[in-house]
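Me: Please take a close look at the largest pocket of this model. Which residues line the largest pocket?

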Amino acid sequence: MNPEIIGGIAAILTTAAYIPQSIKVFREKNTKSLSLGMYIMITTGLAAWTLYGVMIDSPSLIIANAVTFVLAASILFMKLRHG
């Protein structure tokens with residue numbers, strides 16, 4: 001089996017996992033129970049994974065981590081704004 005297929009499946013699942021949290025944060029504007037440190041680390045890590053995907057030319061890594069970065073960064077933004 002092509003590794004990009006496995007990567008694509010993993011990408012869809014891990015990216016989709018951020019959607020419910022993003023929706024909840026934007027609807028309720030309540031981020032009190034979310035860890036600021038965790039979202040700083042995950043957002044930074046996702047940026048690094050995206051860069052790594054670019055460096056090794058892996059579409060599944062690039063797309064998944066770029067999209068997840070946007071979702072996590074939006075949650076981080078709301079945490080900083082509504083902390």
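Reply: The protein chain has a mean pLDDT (the predictor's confidence in each residue, from 0 to 100) of 92, and 100% of its residues reach 70 or more. This is a predicted model, in which local features need pLDDT of at least 70 and side-chain atom pairs count only at pLDDT 80 or more, while totals for chains, interfaces and linings use all residues. Residues are numbered from 1 along each chain as its sequence is written, and side-chain values use heavy atoms, without hydrogens or water.

The protein chain contains four helices and zero strands (DSSP runs of at least four residues, H or I, and at least two, E, respectively). Its C-alpha trace spans about 45 × 20 × 15 Å along the principal axes.

The largest pocket (an open set of points on a 1 Å grid over the protein atoms alone, where a 1.4 Å probe fits, with protein on both sides within 12 Å along at least five of seven lines) has a volume, the space filled by probe spheres set on the points, of about 160 Å³. Its lining (residues with an atom within 4 Å of a point) consists of Gly7, Ala10, Ala11, Thr14, Thr15, Leu46, Ser60, Leu61, Ala64, Asn65 and Thr68. Two or more of these residues come from each of helix H1 (3-16) and helix H4 (59-82). By class, the lining comprises five nonpolar, six polar and no charged residues; Gly counts as polar and Ala and Leu as nonpolar.

As for confidence, H1 has the lowest mean pLDDT among the elements, 86, whereas helix H3 (residues 36-56) has the highest, 96. H3 also packs against H4, at an angle of about 155 degrees and with the axes 8 Å apart. The two helices, H3 and H4, are therefore roughly antiparallel (an angle over 145 degrees). Their contact involves 19 nonpolar, five polar and one charged residue.

Key. Axes fitted to C-alpha atoms, helices over the stretch in contact; angles between N-to-C directions. Parallel < 35°, antiparallel > 145°, perpendicular 65-115°, else oblique.
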